[in-house]
Amino acid sequence: MNETPETEETPGTGESPETEETPGTGESPGTEETPAPVAERRLHPVTPLRRAWAPVAVGAGWAFHDPDGAYRRVSDLAAETILLAGGALVLIASLYGFLTWWFTHFSVTDTELRIRTGLLFRRTAHIRLDRLQAVDLNQPLLARFLGVAKLKMDVIGADKKDELAYLSEPDARALRAELLARAAGFAPEHAREVGEAPAAVLLHVPPNMLAMSLVLSGGMWAWAITGITVPVVLWFLTESLPLVIGTGLPLLGAAGASSVGRFIKEYDWTVGASQDGLRLDHGLLDKAHETVPPGRVQTVHIVEPLLWRRRGWVRIELDVAGSSNDVLVPVAPRSVAEAVIERILPGVVVPSELSRPPSSARWCVPLWWRGYGLAVTETVFAARHGRLRRKLSLVPHAKVQSVRLVQGPWMRRHKVADIHVETGANTSVAARLRPSAEASQLLESQAERSRTGRRTAGPDRWMSQAGA
């Protein structure tokens, strides 16, 4: 009987039919071996406690939506019925939490992280490791007592973060280190051996400096004054207590969120440098461990409120493509903050001098025109705006996606124009009120700088040198 040689190739395909898997056997008759199945893992056993609140939340929502009707219906029931209903609710909540935990699995393959969830409707998320933007480790207050943590994955092109909640803290840190190593380009067989890259502390924000910066911020006082003034005015106009309470509480809540809430979130802020990016650790009640990959930062904003200037303090904010990390440094001396910027944007020096708009710009934007400025260096496009709260935006040339010139009839009359640059984070930075001739020249030169910057830019992958 004649047999086909195992090395024979099918004409026109370049593939050997002997390498195909035989249906029903799981084995290949050729020389290649079938990859071993990927082992799936479950979350920590305390996870059902987190999921069990869903049925309880449904009942609470119904009671909140119709409090009078809920009170009447509950008051008409006997005590035994209420106890039985409460026990049934606890049983349903426990069963729901257990089933959602039981049907949730995750696994790490050579190329992706798979998260399979769903009780009635199955959902499988395939997160490509080379598209990972950041892997953040968060520990809410209760999770810290239970020794568990959750991982949040920022993926390029995804609006919503996928998360694994909850894992034991050692497992969460090990998985985070493995995902970071895979995203950096390490081979799968070496990724687990790499471990978490060590970090050197660059900056630590003392609590007293953070508290003083919040006191000197105008936003907190604006919300507080509004939260007191508006309810008083409404009371004299309407004498309606529900209206006063319904208006005053949200305003006072906004004042608290801009002061106490920010202090709790940004407490013990630490910036560390590691091979996989800048590490951000912060939080008083909820601990957060975040990573900002330098190669994917699109824009850096240096914010300088009016009352901070005498102390020389600034705040550093970020635009990162596909990531929600928007704060790099909540408050720091300007020289220290600029040193951190140089770590996240290698080779970038913050411009010290900016050119202001011409005097004719006062007819386009009275009073505020002096707050605008522009500087273009070999590495960044820097634009400033604001007088009471200055913001200097730094866009590396390699991150500029498009450039456009905007000039309305009134601006054309006074021979000024705006230059806008768009980045990969769907944000725009504008150099406003530039002379028309300068703006036209900048439109041409900035497009060329962007092309040159992209050709000479380093790789975006984390730890690329180590991974190589």
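**Figure 1. K415, an exposed residue in a loop.** With a relative accessible area of 61%, K415 counts as exposed, because the cut-off for that word is over 50%. Like everything shown in these figures, this view comes from a predicted model. K415 lies in the loop between α12 (409-413) and β18 (416-423). Its backbone is worth a look too: phi of K415 is near 60°, a positive value in a residue other than glycine. As background, most residues other than glycine have a negative phi.

**Figure 2. L433, a buried residue in a strand.** Is L433 buried or exposed? L433 is buried, since its relative accessible area is 0% and buried means under 20%. This leucine sits in strand β19, which covers residues 428-435. Here again the phi angle is positive, at about 60°, although L433 is not a glycine.

**Figure 3. Strand β4 and its surroundings.** Why can β4 be called largely enclosed by the rest of the structure? The strand spans residues 132-139, and eight of its eight residues are buried, so the rest of the structure largely encloses it. For a reader following the side chains, a general point helps: in a regular strand they alternate between the two faces of the sheet.

**Figure 4. The two pairings of β4 shown here.** Strand β5 (residues 148-155) pairs with β4 in the antiparallel sense, and six bridges join them. To find your way in this view, start at L132, which stands opposite V155 in β5. Strand β10 (residues 287-292) also pairs with β4 in the antiparallel sense, over three bridges. A handy landmark for this pairing is Q139, which stands opposite K287 in β10.

**Figure 5. A cis peptide bond at Y166.** Which form does the peptide bond from A165 to Y166 take, cis or trans? This bond is cis, with omega near 10°. Y166 belongs to strand β6, which runs over residues 162-168. In general, most peptide bonds are trans.

**Figure 6. Stepping back to the whole chain.** The close-ups above belong to a protein chain with 14 helices and 19 strands. The chain has 468 residues, and 40% of them count as buried. Among its contacts with a separation of 6 or more, 54% link residues 24 or more positions apart. The protein chain exposes about 26,100 Å², with carbon and sulfur atoms supplying 59% of that area.

How values were computed:
Residues numbered from 1 in each chain as written. Predicted model: local features only at pLDDT ≥ 70, side-chain atom pairs only at ≥ 80, totals over all residues. Heavy atoms only, no water. Helix = DSSP H or I, 4+ residues; strand = E, 2+ residues; numbered from the N terminus. Buried < 20%, exposed > 50% of the residue type's maximum accessible area, 1.4 Å probe, protein only. Contact = heavy atoms within 4.5 Å. Areas by Shrake-Rupley, 256 points an atom, 1.4 Å probe, with all protein chains shown as cover. Pairing = 2+ DSSP bridges.
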